[in-house]
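Dear colleague,

I am passing this structure on to you, and below it you will find my notes on what turned up in it. Please read them with the structure open beside you.

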Amino acid sequence: MLTDRQRHEAAELLRSAERDVTPIAPPSEAYPGIDAEDAYEIQLVNIRHRLAAGAEVRGHKVGLSSPVMQRMMGVDEPDYGHLLHDMELTSGVPVPAARYCHPRVEVEVGFVLGEDLPGEGCTPEDVLAATERVVPALELIDSRVRDWRITIADTIADNASSAGFVLGEGRSPRGLDLRAIEARLTTDGGELLAEGRSDAVLGDPARSVAWLARTVARFGVPLKKGHVVLPGSCTRAVDVVAGATYTADFTGLGPVSLSFT
């Protein structure tokens, strides 16, 4: 484990990398003893820094929610990061790609909570009962680590590689099979970039949300009414190209788009 001083040093390196749009070497190389607990503490140092500057928690994201990604990272459970209000993007408002180090987009079935979720013991059924809307979503991910050369500790420390998100309108989950939502990601030229199905996320994205509620409860963090939860991508991540528009279309939910300059 790292000392408190080392955790703060690593947090400052990541914070500076994001501010200056200058990626750094992996923290796992600079601090070989780093573990998941260290990484979450580093993440929280930077989240607290942003909250002190006026940011507000809008929700959370889950990463590594597919078995393939977990095997790649050598882990047996997902990870998570924070979504802040200044990370929320808007369809129709182009985003400068140069604001980010290595931006990519991921296709997600998002959840907007209409009630607080229980923590310990939270089930997928609890998630469905508390969900106001299931929404088409794109997550903008970015790595402040050079060339995406990351271990599990690196991505956790880097707020689970999260950078932004955009939500579509969506609908109530009642009567919707959350395990069978087909998703396609295309460019404005109509090129198909990626496709997948919602059951790629732990077999059911509601399971991912329930895992998150149980996990963050151990740290005294509740998932509250109004929060957004992004449970993980149901397609591969796609590198962002300046000047392009990316549209994700979901059966039963509709589309959501994000443009870059």
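Arg104 and Asp239 meet through their side chains in a salt bridge, with N and O 2.7 Å apart (the term means a side-chain nitrogen of Lys or Arg within 4 Å of a carboxyl oxygen of Asp or Glu). Arg104 lies in strand S3 (residues 104-113) and Asp239 in strand S9 (residues 238-239), so this pair ties together parts of the chain that are 135 residues apart in sequence. Helices (H or I, at least four residues) and strands (E, at least two) are DSSP runs, numbered from the N terminus. Both partners are partly exposed, Arg104 with a relative accessible area of 24% and Asp239 with 46%, where buried means under 20%, exposed over 50% and partly exposed in between (1.4 Å probe, protein chains only).

Please keep in mind that this is a predicted model, in which local features need pLDDT of at least 70 and side-chain atom pairs count only at pLDDT 80 or more, while totals for chains, interfaces and linings use all residues. Residues are numbered from 1 along each chain as its sequence is written, and side-chain values use heavy atoms, with hydrogens and water left out.

The whole structure holds 17 salt bridges. Arg144, which counts as buried at 3% relative accessibility, forms one with Asp158, the closest N and O atoms being 2.8 Å apart; Asp158 is buried as well, at 5%. Arg144 also meets Glu18 in a salt bridge of 4.0 Å, N to O, and that pair links helix H1 to the loop between strand S4 (131-141) and H6, 126 residues apart. Through shared partners, salt bridges join Glu18, Arg50, Asp86, Asp142, Arg144 and Asp158 into one network.

Helix H1 (residues 4-20) has 17 residues and should span 24 Å at 1.5 Å a residue (counting one less than its number of residues), which agrees with the 24 Å between its end C-alpha atoms. Its buried residues, among them Leu14 and Ala17, pack against helices H2 (27-30), H3 (36-52) and H6 (152-157), contact meaning heavy atoms within 4.5 Å.

Finally, the largest nonpolar core has 67 residues, and Leu117, Leu185, Phe250 and Phe260 have the most contacts inside it; such a core is a set of buried Ala, Val, Leu, Ile, Met, Phe, Trp, Tyr and Cys residues joined through side-chain atoms within 4.5 Å. Helix H7 (residues 205-217) gives this core its largest share, seven residues. A second, separate core of 12 residues includes Ala55, Leu83, Val112 and Leu167.

With best wishes
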